[in-house]
Amino acid sequence: MKKFRTAPLVAAVASGLILLTTTGAGAAPRAADSDASARPNATLPCWSTVKYDGVNVRSAPKLGSQYVLGATNRGDVWNAYCGGPGGDTYTACGGTSPLWNEILWNGRHAYVASLCVETHQ
């Protein structure tokens, strides 16, 4: 039986880094492309695939609910910059980091925790 450590997840939820959501069966993908191996429209040099459900998308690489624009889910693919900016240090998605990925989200530049996505070039 696999043991799960809940303290980092609880801390991430409490800080607003991860928004836990549920989606109904058959829900449509919320990203530019549902195939995680396929690159979305090439408006930025890289793209990011989200590794977890309910990852918050933020207006700045900062913690706090005032920066949350919405959430993205596992398998969503977004245009992104290849290098991520530094910002507030967070604990989420299995680790602690000050690095964020800048993505193009619904037509605007936004940020997601780098540990919660895989970036492709």
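Reader: Before I look at the fold, how are the helices and strands in this predicted model assigned and numbered?

Author: Helices and strands are DSSP runs, with at least four residues for a helix and at least two for a strand, and they are numbered from the N terminus. In this model, which is predicted, the secondary structure on that basis amounts to one helix and eight strands. Read from the N terminus on, the order of elements is α-β-β-β-β-β-β-β-β.

Reader: What share of the residues of the protein counts as buried, and what does the accessible surface come to?

Author: Of its 121 residues, 39% count as buried, while the accessible surface is about 6700 Å², with 53% of that area belonging to carbon and sulfur atoms. As for the contacts between residues at least 6 apart in sequence, 61% of them join residues at least 24 apart.

Reader: Which residues have the most contacts inside the largest nonpolar core, and which strands supply at least two residues of this core?

Author: The largest nonpolar core comprises 17 residues, and those with the most contacts inside it are Val 57, Ile 103, Trp 105, Val 112 and Cys 116. At least two core residues come from each of strand 2 (55-58), strand 4 (77-80), strand 5 (86-92), strand 6 (95-105) and strand 7 (108-113). Strand 7 gives the most, with four residues. To see how one of these core residues is surrounded, take Val 112, which, when residues up to four places away in sequence are not counted, touches Val 55, Asn 56, Val 57, Trp 100, Asn 101, Ile 103 and Val 117.

Reader: Asn 101 appears in that list; is Asn 101 buried or exposed, and which side chain does it join in a polar contact?

Author: Asn 101 lies in strand 6, and because its relative accessibility is 5%, below the 20% cut-off, it counts as buried. Its side chain is joined to that of Thr 119 by a polar contact of 2.5 Å. Apart from neighbours within four places in sequence, Asn 101 is in contact with Ser 48, Ala 110, Tyr 111, Val 112, Ser 114, Val 117 and Thr 119.

Reader: How do strand 5 and strand 6 pair, and how many residues lie between them in the hairpin?

Author: Strand 5 and strand 6 pair in the antiparallel sense over four bridges, and Ala 92 stands opposite Gly 95 in strand 6. The two strands form a hairpin with two residues between them, and in the turn Cys 93 has a positive phi of about 55°.

Reader: What should I make of the sign of phi in general, and where is Asn 106, with its positive phi, placed?

Author: Most residues other than glycine have a negative phi. Two residues to examine here are Cys 93, with a positive phi of about 55° although it is not a glycine, and Asn 106, whose phi is near 50° and is likewise positive. Cys 93 is found in the loop between strand 5 and strand 6, whereas Asn 106 has its place in the loop between strand 6 and strand 7. Cys 93 counts as buried because its relative accessibility is 14%, while Asn 106, at 58%, counts as exposed.

Reader: How many disulfides does the structure hold, and what pattern do they follow?

Author: A disulfide is a covalent bond between the sulfur atoms of two cysteines. This structure holds two disulfides, and with bonded cysteines counted along the chain they follow the pattern 1-2, 3-4.

Cys 46 and Cys 82 form one of them, with their sulfur atoms 1.9 Å apart. This pair links distant parts of the chain, 36 residues apart, with Cys 46 in strand 1 (residues 46-50) and Cys 82 in the loop between strand 4 and strand 5. The torsion about their S-S bond is about 90°, so the disulfide is right-handed. At 2% relative accessibility Cys 46 counts as buried, whereas Cys 82, at 37%, counts as partly exposed.

A disulfide also joins Cys 93 to Cys 116, with an S to S distance of 1.9 Å. Because Cys 93 lies in the loop between strand 5 and strand 6 and Cys 116 in the loop between strand 7 and strand 8 (117-120), the pair ties together parts that are 23 residues apart in sequence. The torsion about the S-S bond of this pair is about 95°, so the disulfide is right-handed, and both Cys 93 and Cys 116 are buried.

Conventions
Residues numbered from 1 in each chain as written. Predicted model: local features only at pLDDT ≥ 70, side-chain atom pairs only at ≥ 80, totals over all residues. Heavy atoms only, no water. Core = buried A, V, L, I, M, F, W, Y, C linked by side-chain atoms within 4.5 Å. Buried < 20%, exposed > 50% of the residue type's maximum accessible area, 1.4 Å probe, protein only. Contact = heavy atoms within 4.5 Å. Areas by Shrake-Rupley, 256 points an atom, 1.4 Å probe, with all protein chains shown as cover. Pairing = 2+ DSSP bridges. Disulfide = S-S within 2.5 Å. Polar contact = N/O pair within 3.5 Å; in protein donor to acceptor, adjacent residues only side chain to side chain.
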